[in-house]
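Colleague: I would like to learn how you read a model like this one. Could you take me through it feature by feature?

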Amino acid sequence: MTAEPGKKKIIEQFKADGLNFMFGNPGTVEQGFLDAADEAKEFQYILSLQETVAAGIADGYARATGGAALLQLHSGVGLGNGIGMMYQSLRGHTPLVVVAGDAGVQYDVMDAQMASDLVAMARPVTKYATRVTDPASVLRTLRRAVKIALTPPRGPVFVALPMDVLDALNSEPVVPASVPRTDVAPSDAAVGQAAELLAGARRPLILVGDGVSLAGAQSELTAVAELLGADVWDVDFSEVTMAASHPLHRGSTGHMFGAHSKELVKDADGVLIVGTYVFPEVFPELASPFADGAKIVHIDLNAYEIAKNFPVDLGVVADPKPALRALHTSLERKLTQRQRDAAADRFAARSAERAAERAEFTRAAHDGTPMEAFLHALSERTGGDLIIFDEALTSSPLVTRYFPPDRPGDYHLTRGGSLGIGIPGAVGAKLAHPGRTVVGFTGDGGSMYTYQALWTAARYGIAAKFVVCNNRKYRLLDDNIEQYWKEREIPQHRFPRSFDLAHPEIDFAGLARSLGAEGTRVEKPAEAAAAVRRMLDHPGPFLVDVQI
């Protein structure tokens with residue numbers, strides 16, 4: 001293998017692993033390999049104006065492709081900017097390969113400008129963090145990072161790349177990273193025990209998360225739910241685990257209050273948990289929310305999450321797809337006719353409820369608010385054939401009424417708790433699927449964390465569409481503090497002024513135009529249809545500010 005500077009070899013390694021886009025914001029200590037990237041064929045640097053934006057676009061791209069994404073940050077200051085969004089990726093199991101430069105190993109003792117312990121900074125928000133110090137192990141380390149990022153439980157990884165190490169000659173071979181297969185089936189004994197625990201449930205319940213979507217196990221999950229007549233709740237999720245319009249799909253338990261989750265699960269006497277941890281709330285219940293005597297089965301590839309917080313009767317480390325398929329087969333043999341009839345009755349009851357809800361939705365007026373009128377017009381115009389990146393937060397229930405998350409890959413929900421993913425996430429998703437209509441919904445507060453992503457979309461002709469759900473406040477904080485007051489018996493009073501965004505008013509459409517995109521504002525329901533038409537007909541990025 002011909003020796004070349006490591007700064008050139010790493011670009012070839014990235015390409016060998018299918019990382020043909022590098023999202024980032026440049027800095028001096030990375031200038032050598034950014035110069036090499038600029039000369040590389042079939043490799044493109046996607047420039048953003050701030051590292052948080054780059055991390056959000058990379059997260060959206062990885063989620064939309066189902067693979068890894070490459071993120072470049074600038075030393076300690078850039079890594080610091082990106083950490084909040086990297087936390088989002090860690091909680092959401094996004095396989096980001098994050099690299100950052102530093103001045104060089106030779107300068108470590110000098111404690112110079114921008115010197116920092118990059119690995120220590122990155123470790124809390126990554127699965128794996130390291131620094132390359134040997135010029136002969138640069139590519140080996142990058143391959144290890146890619147493997148770890150893509151091995152379930154997936155997540156971001158970090159590699160610090162000192163300039164002097166990358167300037168040195170490198171003779172390592174360029175070969176793709178070896179990512180192990182994890183489609184592990186459970187043993188017959190484990191499946192039989194799971195079926196035995198669940199078969200006799202009169203009030204069965206299934207709790208699921210993104211492990212189901214990563215495994216592509218939506219159809220297997222649906223089959224088990226139908227066989228048991230079990231309600232299905234999404235727990236820690238951001239992708240489609242089961243068609244939202246299915247009668248047995250009940251929605252999300254939420255991520256704020258354990259008391260809400262407890263209310264949903266407290267009557268279940270048989271619980272199947274698949275591909276998630278229980279529970280992800282900010283304010284969780286400390287005691288088990290499950291009923292005494294409830295039989296609990298937990299299936300996940302991530303052994304750490306099984307029985308992490310509450311005891312289970314059976315924990316099974318396995319891929320959800322073969323595990324659910326085998327469980328369905330075992331349940332079919334084990335269920336008595338009486339149990340089948342009871343399951344069919346539960347399924348029929350939920351089907352009747354869902355039909356009534358659909359009829360009521362169809363009868364309801366759709367011009368009551370500008371947002372509802374906008375969503376109605378968007379649904380009419382697209383027929384629902386679009387990819388949605390949903391950071392609408394308090395407006396999300398309305399968004400999903402018009403666009404139920406039914407098809408895997410068509411819906412991505414914010415996750416992790418940090419604001420600002422809606423706009424850059426949609427940019428990344430559109431880059432991954434240039435032939436699809438991609439619409440990112442965000443709040444007025446969340447949008448301002450990463451508004452610069454519109455500039456990146458305009459620069460590269462990424463024609464994503466964006467909707468700002470503008471209620472002039474951090475509305476979610478209003479809702480949460482009301483719960484806080486209620487729990488502590490504090491009388492209701494004026495919301496804190498820090499939750500208000502009304503003064504001065506933000507011109508979101510004007511901001512979009514200043515960054516090279518187009519935009520308009522919807523203040524009245526009658527303006528919605530024209531705004532949808534303009535947005536979809538415009539050939540580039542377009543933002544609509546919808547007043548709430």
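Modeller: Gladly; we will go from the overall shape to single residues and then to charge pairs. Keep in mind throughout that this is a predicted model.

Colleague: Let us begin with the fold as a whole. How many helices and strands does the protein chain have?

Modeller: The protein chain has 21 helices and 20 strands. Its C-alpha trace spans about 70 × 60 × 50 Å along the principal axes.

Colleague: What does the radius of gyration add to that?

Modeller: The idea is to set the value against the one expected for a globule of equal length. For 548 residues a compact globule would come out near 24 Å, and the protein chain has 25 Å, so the two agree. Contacts tell you about the fold too: of those with a separation of 6 or more, 77% are between residues 24 or more positions apart.

Colleague: And how much of the protein chain counts as buried?

Modeller: Of the 548 residues, 54% do. The accessible surface is about 23100 Å², with 52% of that belonging to carbon and sulfur atoms.

Colleague: Can you show me burial at the level of one residue, say Phe 23?

Modeller: Happily. Buried here means under 20% relative accessible area. Phe 23, in strand E2 (residues 21–24), has 1% relative accessibility and therefore counts as buried. Beyond its neighbours within four places in sequence, Phe 23 has contacts that include Ile 46, Ala 54, Ile 57, Tyr 61, Leu 71 and Leu 431.

Colleague: Which residues of helix H10 are buried?

Modeller: Helix H10 covers residues 218–228, and 8 of its 11 residues are buried. They are Gln 218, Glu 220, Leu 221, Thr 222, Val 224, Ala 225, Leu 227 and Leu 228. Just after H10 comes Gly 229, with a positive phi of about 65°.

Colleague: That brings me to backbone angles. What should I look for?

Modeller: Look for exceptions: most residues other than glycine have a negative phi, and most peptide bonds are trans. Leu 393 has a positive phi near 55° although it is not glycine. You will find Leu 393 in the loop between strand E15 (387–391) and helix H15 (396–402), partly exposed at a relative accessible area of 33%. Arg 472 also has a positive phi, near 60°. Its place is the loop between strand E18 (465–470) and helix H19 (475–487), and its relative accessible area of 28% makes it partly exposed.

Colleague: Where are the cis peptide bonds joining Pro 152 to Pro 153 and Val 278 to Phe 279?

Modeller: Pro 153 is in the loop between helix H6 (138–150) and strand E7 (157–162), and omega of the bond from Pro 152 is about -5°. Phe 279 is in the loop between strand E12 (270–274) and strand E13 (295–300), where omega of the bond from Val 278 is about 0°.

Colleague: Now charges, please. How many positive and negative side chains are there?

Modeller: There are 54 positive and 66 negative ones, and the centres of the two sets lie 3 Å apart. To read the pairing, ask which charges meet in salt bridges; a search of the whole structure finds 30. One of the pairs is Glu 220 with Lys 321, whose closest N and O atoms are 3.0 Å apart. Glu 220 is in helix H10 and Lys 321 in helix H12 (residues 320–334), so the pair ties together parts 101 residues apart in sequence. Glu 220 is buried at 11% relative accessibility, whereas Lys 321 is partly exposed at 24%.

Colleague: Do salt bridges also come in groups, and which residues would show that?

Modeller: Asp 231, Arg 250, Arg 350 and Glu 353 are linked in a network of salt bridges.

Colleague: What about a buried charge without a partner, such as Asp 444?

Modeller: There, check the distance to the nearest opposite charge. Asp 444, in helix H17 (residues 444–447), is buried and has no salt bridge; the nearest side chain of opposite charge is that of Arg 472, 7.1 Å away. Arg 472 is the residue with the positive phi near 60°. Asp 444 is in contact with Arg 472 too, and its other contacts beyond four places in sequence include Val 468, Asn 470, Lys 473 and Phe 508.

Definitions and conventions. Residues numbered from 1 in each chain as written. Predicted model: local features only at pLDDT ≥ 70, side-chain atom pairs only at ≥ 80, totals over all residues. Heavy atoms only, no water. Helix = DSSP H or I, 4+ residues; strand = E, 2+ residues; numbered from the N terminus. Rg over C-alpha atoms; globule rule 2.2 N^0.38 Å. Buried < 20%, exposed > 50% of the residue type's maximum accessible area, 1.4 Å probe, protein only. Contact = heavy atoms within 4.5 Å. Areas by Shrake-Rupley, 256 points an atom, 1.4 Å probe, with all protein chains shown as cover. Lys, Arg positive; Asp, Glu negative; His and termini not counted. Charge placed at Lys NZ, Arg CZ, Asp CG, Glu CD. Salt bridge = Lys/Arg side-chain N within 4 Å of Asp/Glu carboxyl O.
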